[in-house]
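Dear colleague,

I am passing a structure on to you with this message, and my notes on helix packing and nonpolar cores follow below it.

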Amino acid sequence: MTISCQLTESRRLDALHKLNLLDTPPSEAFDRITRMAASLFQLPIAAVSLTDADRQWFKSRVGVEHTSIPRVRAPCGNVADNAEVLVIPDLLDDPYFRDSPLVASGIRYYAGAPLTTAQGYCLGAMCVFGREPRATTQQELTALCDLAGMVMAQIEMQHAMGRIDPLSGLPNRNQFLEDFQDMQRDRPAGEQGLAVLINLATPEQLSHAARAMDPSYLDELVTDAARWLRAEVGPGRSVYHVTTTQFALIASPGMTLDTYLPLLEARMAHARGAAKSRHVATPTVGVAPFEVGGADCLSVLRQAQCAAHDAIDTRTHVAVYSEAEDTLYQRRFTLLNDFGSALESQDQLRLVYQPRIDIGTGACIGAEALLRWNHPALGAIGPGEFIPMIERSGLAHATTAWVLAAALQQQRRWRDEGICLQMSINVSAANLQEPDFAAVLETGLKQHDLPPDSIELEITESAIMAQPVKAHAMLDTIAATGVRLAIDDFGTGYSSLSYLQRMPADVVKIDQSFVIGLEDDVRKQALVATMITLSQDLGHRVVAEGVECEEVLIFLRQAGCDEAQGFMFARPMEADVFSGWRSVPPGATPGRSTPPHCAHQT
């Protein structure tokens with residue numbers, strides 16, 4: 001079974017188990033339908049057969065004593081796998097089923113119709129069995145499918161507690177799915193429809209409210225919204241409570257985006273002005289166009305949710321589903337989902353190294369370790385695409401651990417080869433919140449027999465300001481170990497003199513956005529010169545990132561900048577290439593293709 005099939009089967013079993021039907025007592029409501037099936041087909045055996053992981057369990061049965069049979073070579077198992085009607089006129093003539101337990105027990109004929117949920121999961125079959133081969137009429141098949149529908153209606157009715165949300169009193173997501181399918185049958189195929197999703201607050205707002213407000217705040221937010229939506233939609237139309245703070249509806253037939261969007265924007269503007277929660281919750285609206293007759297309900301609902309999320313950044317807080325935006329989000333989600341496997345693999349992740357050059361001597365005195373990812377299906381993924389995403393996820397800790405381990409191994413290898421450079425490693429905000437981060441760092445250095453000042457941790461200003469008290473305490477602890485610290489991307493975050501004064505940093509790295517194009521920009525030159533002077537006056541060594549031409553290097557040298565890093569010297573290189581790059585003879589001219597001579601640092 002493929003991974004995709006395993007996942008589908010796992011979800012199907014989860015849907016079955018959530019209904020709590022397996023191993024429950026007989027029910028007359030189901031037995032009545034089973035007797036009807038046996039009577040319509042004039043056969044001795046009929047059953048409502050639910051397909052568990054390894055068995056067919058009979059919720060209802062006529063003409064058979066046992067309550068279950070093995071799933072292996074059971075026709076009902078095939079119905080569950082394919083979600084299609086299955087008719088076998090003679091089991092003995094079927095090469096797959098002729099050796100099944102059913103044939104051994106004297107069964108020759110089988111017909112089964114799938115028991116399918118609104119979400120598309122097949123739970124099993126409404127089935128009939130005969131002891132003699134027989135043909136099947138179209139009327140009998142239609143009747144069997146109708147009986148299967150009656151079984152599912154009974155299952156859903158018994159599970160009807162999940163149809164109405166107890167807080168809002170509105171029909172919930174399950175009812176939306178069923179009504180959407182009914183709407184597709186009732187309205188003309190090909191007609192354009194609009195699904196609307198109202199999201200009451202952003203995830204961040206809900207998180208803050210949960211910490212600051214009484215639990216009844218969220219209940220009040222939902223009930224107020226439900227009351228307003230009922231009044232706005234009016235009688236005869238439905239609003240659905242599809243998640244905790246999200247509501248959905250289908251626009252009236254004939255509505256187009258051109259006519260409907262202005263109405264939505266006007267009503268939402270009025271609602272925001274009148275809402276008691278307008279200062280702590282920002283409702284947004286997502287609209288997903290669809291074609292009646294060919295739309296998948298869950299996909300339409302997801303698209304409307306995507307649009308509602310996109311609406312957070314719009315002026316009106318109303319947005320229409322964008323396939324382009326959705327594609328980008330799907331890619332980000334795929335990458336984030338796959339990165340965990342990359343951390344465990346042996347060949348997807350690697351470090352490359354970009355040299356840091358002493359401007360005064362032209363010597364290579366350090367290397368920044370940079371993470372690269374080669375996705376098995378998508379190929380090389382740029383660091384600008386996956387690094388920010390990882391830093392905002394729960395994978396930030398594991399990623400830094402991977403980078404740190406790989407960088408320390410390479411630093412040990414270089415030291416053994418006689419190459420003595422300082423290794424710079426990037427650290428995320430999440431790492432500064434780890435109480436044992438400094439201890440882990442020290443342990444790694446000892447394991448590789450490396451001095452603390454052989455590595456330098458680069459931290460962005462925004463990472464520190466996320467939780468400044470905890471971050472500064474951790475940085476003080478790290479600095480006390482002898483590990484060097486650098487402020488990365490300086491100038492793009494919360495730069496201030498008081499901030500520089502408090503930070504126990506050894507190095508300030510001026511962000512490349514200030515350095516690229518510096519040669520033709522007088523304002524940039526003034527800013528960079530001031531950054532260099534202020535940082536050095538406070539005792540920091542200064543590194544300029546993004547140096548790409550000789551004119552910029554000359555300016556930086558005249559401004560007193562200590563180090564430079566950028567494509568003018570070298571692009572990030574594999575470890576073995578970096579070692580060879582350092583062996584360029586002393587007379588070589590610094591440049592992209594002929595890097596400056598690198599001396600061993602002692």
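Are α6 and α10 parallel or oblique to each other? The model is a predicted one, in which local features need pLDDT of at least 70 and side-chain atom pairs count only at pLDDT 80 or more, while totals for chains, interfaces and linings use all residues. Residues are numbered from 1 along each chain as its sequence is written, and side-chain values use heavy atoms, with hydrogens and water left out.

The axes (lines fitted to C-alpha atoms, for helices over the stretch in contact, with angles from 0 to 180 degrees between N-to-C directions) of helix α6 (residues 173-186) and helix α10 (residues 297-310) come within 10 Å and cross at roughly 120 degrees. The two helices, α6 and α10, are therefore oblique to each other, a class left for angles that are not under 35 degrees (roughly parallel), over 145 (roughly antiparallel) or 65 to 115 (roughly perpendicular). Helices here are DSSP runs of H or I with at least four residues, numbered from the N terminus.

By the same axis fit, helix α2 (residues 28-41) and helix α5 (residues 138-158) come within 10 Å and cross at roughly 180 degrees, which makes α2 roughly antiparallel to α5. In contact (heavy atoms within 4.5 Å), residues including Phe30, Ile33 and Ala37 of α2 meet residues of α5, among them Leu144 and Leu147.

Of the 75 residues in the largest nonpolar core (buried Ala, Val, Leu, Ile, Met, Phe, Trp, Tyr and Cys joined through side-chain atoms within 4.5 Å, buried being under 20% relative accessible area with a 1.4 Å probe, protein chains only), Leu457, Val547 and Leu556 touch the most other members. Helix α13 (residues 396-416) gives the most to this core, with six residues.

Best regards

Technical notes:
Buried means under 20% relative accessible area, exposed over 50%, partly exposed in between (1.4 Å probe, protein chains only).
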